[in-house]
Amino acid sequence: MKTLIKNGRVVTAVDDYKGDILVDGETISMIGTELSMEVDRVIDAEGKLVIPGGIDAHTHMDMPFGGTTSADDFETGTLAAAHGGTTTVIDFAIQLKGESILKALDTWHQKASGKTAIDYSFHMIVTDLPHERLGEVKQLINHEGVTSFKLFMAYPGVLLVDDATIYRAMSLASDQGALVCMHAENGVVINEIIDEALKKGHTSPKYHALTRPTKAEAEGVNRAIALAEMAGSPVYIVHLSCYDALKRVQEARDLGIPAFAETCPQYLFLDHSHYEQENFEGAKYVMTPPLREKWNQNELWTGLKMNDLQVISTDHCPFCFKEQKELGKNDFTKIPNGGPGVEHRMSLVYNGGVVGKRISVNRFVEITSTNPAKIFGLFPKKGTIAVGSDADIVIFDPEKKMTISAKTHHMRVDYSCYEGVEVQGVAEWVLSRGKVVIEKGKYTGKAGDGKFVKRSHINLSYGHPSNVRQEMALARS
Ligand code: URP
Ligand code: ZN
Ligand code: ZN
């Protein structure tokens, strides 16, 4: 099957030009101007951006958590992702305590295989890493294409691992060409604060946020970076939410330490005041880390501009308001943590970032696609528009407006965190490895179109994406 995409404005992390793209089978085979050849299909992209498919490096489909399971499975969640212009998700498999890590990977392969609309890959959440299991981790990195791991400093008794385990995992990761992603929050102290709140009868959703101070996140980030330095390894902080935590990453990067971090749309567009919503509706925003005071948003945008934050992912972990969030009606600690987001990341970031004049269109592509591909071992197969790369392509209408609503979204969840919000910038056509899966906003693919992608080894210890702020300071000196 040959498809010619004509007259679009091709935008990558570094380019911006008018051109035509020939897709032959699953890959891009030619880029030029006024291309004319016999093809099966021509798509006119006049007036549209032609960008690499979005890569969401942080999703939780079909994830058992908080006494229930996230509402999107791999079929519904990836279909929703495709609608929004995301063509690859990196989801989290979970090793239960005491369980074989290879068995955990197998469980997640069974959940996803044959179900997805777009390509997918896995990080592994490691909850238990005695020396005897290091061989399994090597097997994952060197043979199974799972080259990143998430470790938790939060959720004592469930997911939290101690510092020795973190150091061990980081040492192994750096030795084997993998990366540790850190949920950086001091969960032990947070649990103390939660106990104090419950004793005072503070049970409503807002106490989820009030018991997870920004200092707990900053301490986690600080410790994660220090442990990574001791292990001689890079570190990637997930779902960074606030200035206190960002400052720690900035300080490390100014010293040349390979610390990387993502933030998420919820921390850029939503804030602490959402917990005040009546009738328990504040529970819709119970996620970890929690939403912060609004002033943090500007600081996060600055972090994105200056490259102290390199990625925007969603942490998509949806639970329905009815029956799932309601589990915590009388006790905020029983509200399953997480919110929906995979469908609207590209539009929200384009609208808030590019239309809002906070970032360039190249930076938009870089933080939503190219950087996640580079950091997680998918580049240049994914994350760019180049000859030989997978034809994961989004034809994005930069003028079209859309109002976000649970009535029209495709995620299997009964609310939206952005209900009624109008955004400018909508994915119109989406090609996943050359196949049109979204055509003028309508899904044309099928479950099973997506494939598991083995990721390459990762080496961010040297030549990590430059720190713009540091370069500017050097230039001034
Ligand atoms: O609240 C959240 N973020 N739920 C998903 C699990 C995690 O920590 O990423
Ligand atoms: Zn987390
Ligand atoms: Zn998460």
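The following exchange concerns the two zinc ions and ligand 1 in a predicted model.

Modeller: Local features here need pLDDT of at least 70 and side-chain atom pairs count only at pLDDT 80 or more, while totals for chains, interfaces and linings use all residues. Residues are numbered from 1 along each chain as written, chains are lettered from A and ligands numbered from 1 in the order written, and side-chain values use heavy atoms, without hydrogens and water.

Colleague: Which residues coordinate the zinc ion (ligand 2)?
Modeller: Donors are N, O and S atoms within 2.8 Å of the metal (3.2 Å for Na, K and Ca); water is not among the atoms, so sites may look incomplete. The donor residues are spaced K-x32-H-x55-H in sequence. At 2.1 Å, the coordinating residues are Lys150 (NZ), His183 (ND1) and His239 (NE2).

Colleague: Is His183 buried or exposed?
Modeller: Buried means under 20% relative accessible area, exposed over 50%, and partly exposed in between (1.4 Å probe, protein chains only). The relative accessibility of His183 is 1%, so His183 counts as buried.

Colleague: What is the geometry of the site of the zinc ion (ligand 3)?
Modeller: Coordination comes from His58 (NE2), His60 (NE2) and Asp315 (OD), at 2.0 to 2.1 Å. Four donors count as tetrahedral if all angles lie between 85 and 135 degrees. The four donor atoms here make angles of 88 to 131°, and the site is tetrahedral.

Colleague: How many residues apart in sequence are the parts tied together by His58 and Asp315?
Modeller: The donor spacing for the zinc ion (ligand 3) is H-x1-H-x254-D. Helices (H or I, at least four residues) and strands (E, at least two) are DSSP runs, numbered from the N terminus. Because His58 lies in strand E6 (residues 54-59) and Asp315 in the loop between strand E15 (311-312) and helix H11 (345-355), the pair ties together parts whose separation in sequence is 257 residues.

Colleague: What percentage of ligand 1 does the protein bury?
Modeller: A polar contact is a pair of N or O atoms within 3.5 Å; within protein, one must be able to donate a hydrogen and the other to accept it, and residues adjacent in sequence count only if both atoms are side-chain atoms. A polar side-chain atom of Asp315 is 2.6 Å from a nitrogen atom of ligand 1, and a side-chain N or O atom of Lys150 is 2.9 Å from an oxygen atom of ligand 1. Accessible areas come from the Shrake-Rupley method with a 1.4 Å probe; for residues, only the protein chains shown count as cover. Ligand 1 taken alone exposes 270 Å², of which the protein buries 100%.

Notes: Tetrahedral: all angles 85-135°; square planar, octahedral: opposite > 155°, others 65-115°.
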